[in-house]
Structures are given as structure tokens and as C-alpha cells.
Amino acid sequence: MDERKLLPGQIAQVMIASTTGELPVEVISTDEMIIEAPNWTLDARWLILNGDGKLWRLATDGSSGLEQIELSGVPALNNDHVLAPDGRHVFVSANDWHIYEADLNGGPVRRVTNDHETPFMHFLHGVSPDGETLAYIGLEPEEDHWWARANIFLIPAAGGHDRRLTDGWEPFDGCEYSPDGEWIYCNTELFSDAPGHAQIARLRPDGTDLQQLTFDERVDWFPHISPDGDQVLFVSFPPGTTGHPANLPVELKLVRDGNWDSIETLVQTLGGQGTCNVNSWAPDSTRFAYVSYPIRQQS
């Protein structure tokens, strides 16, 4: 996987936004590296992000700079990392295409996922409320089509056998548990013949009752459910977008109280890849973090 770099004049800007109308607030910005995908820790003190293949923490009140969480025994990381419900651990996806469990204080990691007989790549997105099961996207690439088959799988967090929930050629992504454990939310291209036209959906953890939730011309990715279960935040790309690329004018949209007929746009920003790939809700369900990538005008 090629490492993404900041464009000339571009910065990575970590922001905190509110669901109650306040303007977003900058926590930190940097022109030194791409930082991505904030998680909010259960004690509300820290954001956990990735950058330069490493894991970082950042005080939510801006009182600290980026502090590296030193992990050992793991390759370079990508932006698919999810906190465990115990508040002490994080599950991370690495660029050897496996998922690992790590301590938020750093140290050795433990690999969770299995080797497969055919090419197979694991991208983590969800942890069950009891912390016992991980939901991930299993990518089964073919020679001429890297994104050939992308489906939802489950695996015990302690390690064990994989269980396939979907089995098709239309890609799924962003599989995340609801806080009550009753649903797995995701995005999928299953409902459209247009290439890349992802919409938000949900299904039961046993793979049944797949439901389409968004029905629009935009391309919708990465649904994130608030801790209280009452709101869903997702990233919306311009019509015609294929995949979830960087450096596009994207919108962060909000659904309140299950009312999918009344979707609000809370944030408009330059971003996409890295902006909100993982659940970034604050524990109080009133705020969320994201990363913007504005480009300053060159003098």
C-alpha cells in the first residue's frame, strides 16, 4: 500500500464538532504527516489516531501534542483501529493485512486474525459491545481486481474461526456494531448498478435482515453509531465517487433517533480517506472528532 502524503500547502487538522450547533473547534494541525481516523477514549481524555504507520494519542482539550503509543511486534498500521469496550485496549489493522490487539499504554501486541490459503486481507471496523467479537471486512483480491470481493466477517476477539456474514461481489465496508449489539451497520454497493455507489445499510449479527437506510445520489460511507445509540454519523462523498478517496469535498451527515428521512449535514470539509473512517464519538454522544485536510493558498 502506497503511503499517502500531504499535498503542497496542505495540513492535517484534527477537529471536534458538536451535534448541538456550535462551530467545530481545532484541536491540533500539522504539516508534517498525514494523521487519520480519531477514536475518543472512554475517559474522554484522549483521541487515538494513526499517522506515519504508527499509533498516536492527542489530548481532547488540546493540552498535549501528538504522543506516540509505542507498540512492538506489529507492522506499520493503517487507519482501521477500534477501541475495546474495556477502555484499556485497542484493536488495530496493520499493513500485513492482519488485525492485532494492543494496550493503549503501548507494549507488545497480539495477533487476532488467521492466515488463509488464498490471498485475504483483514480491515477492522467493529467490536461487539461485550468485547468478545470483531467485525471486519475481508478482502479477497483477484489478479485484475484488487477490490474484487469485500465482505463482512466476524471473528472472536480472543482468536478463533472466522464467520462469513455476506458473500457477494458488490463490496461491503465499514461494518460497525450498534451499542445494543442488535445490528451491524455498514455501507455497500449492493443496491445500485452504478460503480462505487455505496449506501448505508444494516444487518443482524447472524447475517439476516439486510436493510438499506440511505437512498440518495451521493456516495455514503462509514456509519458510526453514538454511544447512546440514538444517532448515526457518516461520511458522504460527491456523486460518482468510486471508493473512499482523499482530498474531495465531503460532508459529515447525522441521523437522529432513527429518522433516516431527515438527514442533517453538520460539516462540509476537504477530506474523505482519513476523515472519519472509525467511530469518533465522544462518550457523552454530543461531540465527535474528525480530520480535515485543507490546502493553504501559496504565496
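Why does Phe-191 count as partly exposed? In this predicted model, Phe-191 has a relative accessibility of 33%, and because partly exposed covers the range between under 20% (buried) and over 50% (exposed), Phe-191 falls into that middle class.

**The surroundings of Phe-191**

Phe-191 is located in the loop that runs between strand S18 (184-188) and strand S19 (199-203). When its neighbours within four places in sequence are left aside, Phe-191 is in contact with Ala-201, Leu-210, Gln-211 and Gln-212. One of these partners, Gln-212, lies 21 residues apart from Phe-191 along the chain, while the C-alpha atoms of Phe-191 and Gln-212 are separated by 7.7 Å. Phe-191 also belongs to a nonpolar patch on the surface, which it forms with Leu-190 and Leu-210, and the accessible area of these residues together is about 210 Å².

**The nonpolar core**

The largest nonpolar core contains 18 residues, and those with the most contacts inside it are Val-14, Leu-47 and Leu-58. The elements that contribute two or more residues to this core are strand S1 (12-18), strand S2 (25-30), strand S3 (35-40), strand S4 (46-51), strand S5 (54-59) and strand S25 (287-292). Of these, S1 provides the largest share, with 3 residues. Not counting residues up to four places away in sequence, Val-14 touches a list of residues that includes Val-25, Val-27, Ile-35, Leu-47, Leu-58 and Tyr-290.

**How the strands pair**

In general, the strands of a sheet pair through backbone hydrogen bonds, in either a parallel or an antiparallel way. Two pairs of strands from this model are set out below.

| Strand pair | Sense | Bridges | One bridge |
|---|---|---|---|
| S1 and S2 | antiparallel | 5 bridges | Gln-13 with Ser-29 in S2 |
| S8 and S9 | antiparallel | 4 bridges | Leu-77 with Ala-94 in S9 |

The strands S1 and S2 form a hairpin with 6 residues between them, and in the turn of this hairpin Gly-21 has a positive phi of about 105°. The strands S8 and S9, in turn, are part of an open sheet of 4 strands, which follow one another in the order S8-S9-S10-S12 with antiparallel pairing. The edges of this open sheet are strand S8 (77-83) and strand S12 (110-111), each of which pairs on one side only.

Key
Residues numbered from 1 in each chain as written. Predicted model: local features only at pLDDT ≥ 70, side-chain atom pairs only at ≥ 80, totals over all residues. Heavy atoms only, no water. Core = buried A, V, L, I, M, F, W, Y, C linked by side-chain atoms within 4.5 Å. Buried < 20%, exposed > 50% of the residue type's maximum accessible area, 1.4 Å probe, protein only. Contact = heavy atoms within 4.5 Å. Patch = residues over 30% accessible without salt bridge, like charges linked within 9 Å, V, L, I, M, F, W, Y side chains within 5 Å. Areas by Shrake-Rupley, 256 points an atom, 1.4 Å probe, with all protein chains shown as cover. Salt bridge = Lys/Arg side-chain N within 4 Å of Asp/Glu carboxyl O. Pairing = 2+ DSSP bridges.
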